[in-house]
Amino acid sequence: MTTRPRITVVDHGAGNLVSIDQALTTVGAEVTLARDGEALRGADAIVVPGVGAAAPAMARLDAHGLTGPIRTWLVDARPFLGICLGLQLLFEGSDEDGATTLGIVPGRTIRLEGAPTLPHIGWNQVERTRAHPLFDGIADAADFYFVHSYAGEPASTARHLVLATTDHGGSFVSAIGIDAMLGVQFHPERSGPDGLRLLANFVDLVRAA
Amino acid sequence: MLRRRVIPCLDVADGRVVKGTRFVNLVDEGDPAELAERYAAEGADELVFLDITAATERRATLLDIVERTARRAFIPLTVGGGVRTVTEMRDVLRAGADKVSLNTAAVADPTLISRCAGRFGRQAVVVAIDARTLDTPPGAGLLRAWEVVVNGGRESTGLDVVAWAERAVDLGAGELLVTSIDRDGTGAGFDTVLLRAISSRVPVPVIASGGAAEPEDFVRAVRDGGADAVLAASIFHRRVHAIADVKAAMAAAGLPVRLVPAAVA
């Protein structure tokens, strides 16, 4: 029997946590929710989910003493998955509301320019630029569910971290990371069988870390 | 490329899926969570629950259904019907919905849209617009007009549909769910003129609703109406057409659709 790694999902007030809880549990994780820094203790991995704007999320992380511990966690290169807003927070700041974010990845969160519709809502293809076990068993250009108007744009010094891009009137970064520190702009917890497979791959990476 | 979505709608009353014609003559069509899981497996791109008796029923039943559904169907879920406050929207999102659709309450107090968008982001706010065709006055030529109706189509508002759609987007709607009350439940096809009148004026995705009967209707809603997504209820519940049939017709017409995935291994 394989072990169930402890994955702590950070609650920064952005709404639906049921889906990510259920999806991670389904693929073999022991899920706990964290509303303060203390709750990260004992975790094997952190997942930061969420949709919406960066400023309210950062304010909530600050208010609950989570910003420092999460940044330390990332500096220590421990297993991490940022989803949607959770990915955008890795960058230095967001053009959406001018928020200063975690600053782990050089670059900024910018508006999707040239998009025929905004928000970018629905299933779109994730085209891989670099092999990574996060996508094991998932076809290249498979569809995942997106819901956002902004996306993280890595600086030239961070382009090597890009794992996949997606097109919506222009190409944007839809997955980024190295080893078990990862971020995806789409919602694997809402992306059917391929989404569950991606989360299962992440759980495997956590086990191996 | 962004796929055009096919969305089964589950009208929920008293914890059961129902469907009637023009919001009346309701017939029981099953358990919401069970149907949701089936649709997800059959390739639904998203699900919409409309709690059509929400104004008079207790909310706990709905929240329970939302959570059971979110734990069984790993595709996005929008919930509408009777959400009147930011707090109610928060409860529905916490129960496992990704988006909430606002209708009557947004017409009564448009600031509800901006308050909900400010708190949860505009991507979580769908504004549902029920449109009724106005009689074309003599001399109007090709110009048609629609009026916003509320309370399940029972009440006129005097609001022009296109003007309300634009205002709703300005206030923070991230998506519009446009239902033709004239067509709803009739199988007469989507009102593509209505859809085009709105989709040509707003940047956000428009979901077509009301009147679906044949797979070709879905093609027309996208191709002629400019809809980003198409929604239907009874043709799926009663297995008149499978979601895969609708997607096959859309793909054959050259529209980008997500192919139905294999079952979870």
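Author: Ground rule before we start: two residues are in contact if their C-beta atoms, placed from the backbone, lie within 7 Å. The model is predicted, so to speak of local features takes pLDDT of at least 70 and side-chain atom pairs count only at pLDDT 80 or more, while totals for chains, interfaces and linings use all residues. Residues are numbered from 1 along each chain as its sequence is written, with chains lettered from A and ligands numbered from 1 in the order in which they are written.

Reader: OK, how many residues does chain B put into the contact with chain A?

Author: Both chains chip in, with chain A supplying 31 residues. The count for chain B is 34 residues.

Reader: Which elements give two or more residues to the side of chain B that touches chain A?

Author: Elements here are DSSP runs numbered from the N terminus: helices (H or I, at least four residues) and strands (E, at least two). On that side of chain B, the ones that qualify are α2 (59-70) and α3 (86-94) of chain B.

Reader: And how many residues on that side of chain B are nonpolar?

Author: Ala, Val, Leu, Ile, Met, Phe, Trp, Tyr, Cys and Pro count as nonpolar, Asp, Glu, Lys and Arg as charged, and the others, Gly among them, as polar. The side of chain B that touches chain A has four polar and eleven charged residues, and its nonpolar ones number 19.

Reader: Which are the edge strands of the nine-strand sheet in chain A?

Author: Strands pair if DSSP finds at least two bridges between them. The open, mixed sheet runs β2-β1-β3-β4-β12-β11-β10-β7-β8. Two of its strands pair on one side only, namely β2 (30-34) and β8 (142-148) of chain A.

Reader: Which residue in β2(A) stands opposite A:I7?

Author: Strand β1 (residues 6-10) of chain A pairs with β2(A) in the parallel sense over five bridges. Across from A:I7 you'll find A:V31.

Reader: What about the three-strand sheet: which residue in β9(A) is opposite A:I110?

Author: That open sheet, also in chain A, has the order β5-β6-β9. Five bridges link β6 (residues 107-111) to β9(A), and the two run antiparallel. The residue opposite A:I110 is A:A151.

Reader: How are α1(A) and α5(A) oriented to each other?

Author: Axes are lines fitted to C-alpha atoms, for helices over the stretch in contact, with angles from 0 to 180 degrees between N-to-C directions. The axes of α1 (residues 18-26) and α5 (residues 192-208) of chain A come within 9 Å and cross at roughly 65°. Angles under 35 degrees count as roughly parallel, over 145 as roughly antiparallel, 65 to 115 as roughly perpendicular and the rest as oblique. So α1(A) and α5(A) are roughly perpendicular.

Reader: Which residues in α5(A) do A:A23, A:L24 and A:T26 meet?

Author: The residues of the α1(A)-α5(A) contact are four nonpolar, two polar and no charged. From α1(A), A:A23, A:L24 and A:T26 meet A:G195, A:L196 and A:L199.
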